[in-house]
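Hi everyone, thanks for coming. I'd like to walk you through one structure today, slowly, with the terms explained as we go. Have a look at it first.

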Amino acid sequence: MILFSFLSIIIEKSLSPSSFASELKDKRPLVVRFSGEHRPRSVQLNQDWARFSQMYESSEEIRVAHVNCGKFGRLCLRETAWDPPIVRMYINNTIVQYDGGMSYESLGDWTRRYSGVQGKYIHLDLLSPNNKTFHQLLSQKKCVFVMFHVPWCRKCQRFMGSLRDIARAYRNEGNVSICEVDSDKYKSFFFDYTIRKYPSMNLFVEGQRKNYEGELDKSDIIDYINDFCGTQRTEEGGLSSEAGVIDEVSTIVEDFMRKRNQKYITEMKMVDGTEQYVEIMEDILKTGNFDSLFRERERLASILSQESASQASQDKLKIKLNIISTFISYIDVPDE
């Protein structure tokens, strides 16, 4: 929470009475948050407001600003911002007050609707959905892992850093989302999912809810997600040594490595997703030896050790390395 409060100070303008008056003279739309530093609802909005501010930080068409009602109480009273947080847009000599949810997505939609200015996309590894966007995730993703928490749960706060690490590990898995939901901020979740303890960890697989009852351990949770979602991520975000290896073709690989016969390539082609297997087998028949396998394994391992490629590229290289290693593991199998 401290991080995002700090971020919001960096991105948005903090207005005084004089600078507020000056900003109103500018004809571009101005979005202002009136807030009380220590009011719970204002504090709850900090994270999403920081993300919303980030959406428009480089825009020359719209401005995002903040008024601290604890410091400039008279200004807030003059603007009838009596019960902060209050968000308003000053546009075309008109004041439009925001009355939607507290998520940055909702704030962004509202701003685009009234100003016509689209904010930039903000990539987040760890999502903080409201009820609407959470149900959208459930319909869009195969797997959604969520930690329900409340501000006064110390165990929740201690684990938040590990949850961010888990989210980073799955950033390249298109069908997996990792979320945190403040049930005090979005109270509807408490009733929708009958949450009885905090933190409450749930995995939704194709919409079906599973309660995670294991340890609050990063490695255990990653294993749990991998088991139910068919993923093969490690704690560091890379792929495991099993990624890309198709168990059902192991017999074909073993027979090919013993006999090196074209018929096994024909068999392999009949199995979906075996293009890389076929490519390796054809190369072995062409060269008549296994030297290229060892050279390619060494090359791929060297590239991966440098960690210079993007994670998506590393995933492709790791899968190829795993498949090559599978072939190499059968080199010493004697012929019958």
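Okay, let's start with two helices. The axes of helix 3 (residues 40–55) and helix 5 (residues 104–115) come within 8 Å and cross at roughly 45°. An axis here is a line fitted to C-alpha atoms, for helices over the stretch in contact, and angles run from 0 to 180 degrees between N-to-C directions. Helices (H or I, at least four residues) and strands (E, at least two) are DSSP runs, numbered from the N terminus. That angle makes helix 3 oblique to helix 5. For the wording, angles under 35 degrees count as roughly parallel, over 145 as roughly antiparallel, 65 to 115 as roughly perpendicular, and the rest as oblique.

Before I go on, a word on where this comes from. It's a predicted model, where local features need pLDDT of at least 70 and side-chain atom pairs count only at pLDDT 80 or more, while totals for chains, interfaces and linings use all residues. Residues are numbered from 1 along each chain as its sequence is written, and side-chain values use heavy atoms, with hydrogens and water left out.

Back to our pair. Helix 3 passes helix 5 in a right-handed crossing, meaning the near helix is turned clockwise from the far one by less than a right angle; anticlockwise would be left-handed. So who touches whom? From helix 3 we have Leu 45, Asp 48, Trp 49, Arg 51, Phe 52 and Met 55, and they meet Tyr 104, Leu 107, Gly 108 and Thr 111 of helix 5. Contact means heavy atoms within 4.5 Å. Sorted by class, that gives six nonpolar, two polar and two charged residues. Ala, Val, Leu, Ile, Met, Phe, Trp, Tyr, Cys and Pro count as nonpolar, Asp, Glu, Lys and Arg as charged, and the others, Gly among them, as polar.

Now the sheet. It's an open one with five strands, in the order 1-3-2-4-5, and the pairing is mixed. Two strands pair if DSSP finds at least two bridges between them. Which strands sit at the edges? Strand 1 (13–14) and strand 5 (94–97), each pairing on one side only. Strand 1 runs parallel to strand 3 (residues 63–68), and two bridges join them; Lys 13 has Ala 65 in strand 3 as a bridge partner.

Helices pack on this sheet too. Helix 2 (residues 17–25) touches strand 1, strand 2 (30–35), strand 3 and strand 4 (86–91), and its direction makes about 155° with that of strand 2. Helix 5 shows up again here, touching strand 2, strand 4 and strand 5, at about 20° to the direction of strand 4.

Further along the chain, helix 12 (residues 275–287) and helix 14 (residues 311–328) pack at about 50°, with axes 10 Å apart. They are therefore oblique to each other, and helix 12 passes helix 14 in a right-handed crossing.

Last bit: some backbone oddities. Most residues other than glycine have a negative phi, and most peptide bonds are trans. Thr 80 isn't glycine, but its phi is positive, near 55°. Thr 80 lies in the loop between helix 4 (73–78) and strand 4, and Pro 85 is in that loop as well. The bond from Pro 84 to Pro 85 is cis, with omega near 10°. Another cis bond runs from Tyr 198 to Pro 199, with omega near -5°.
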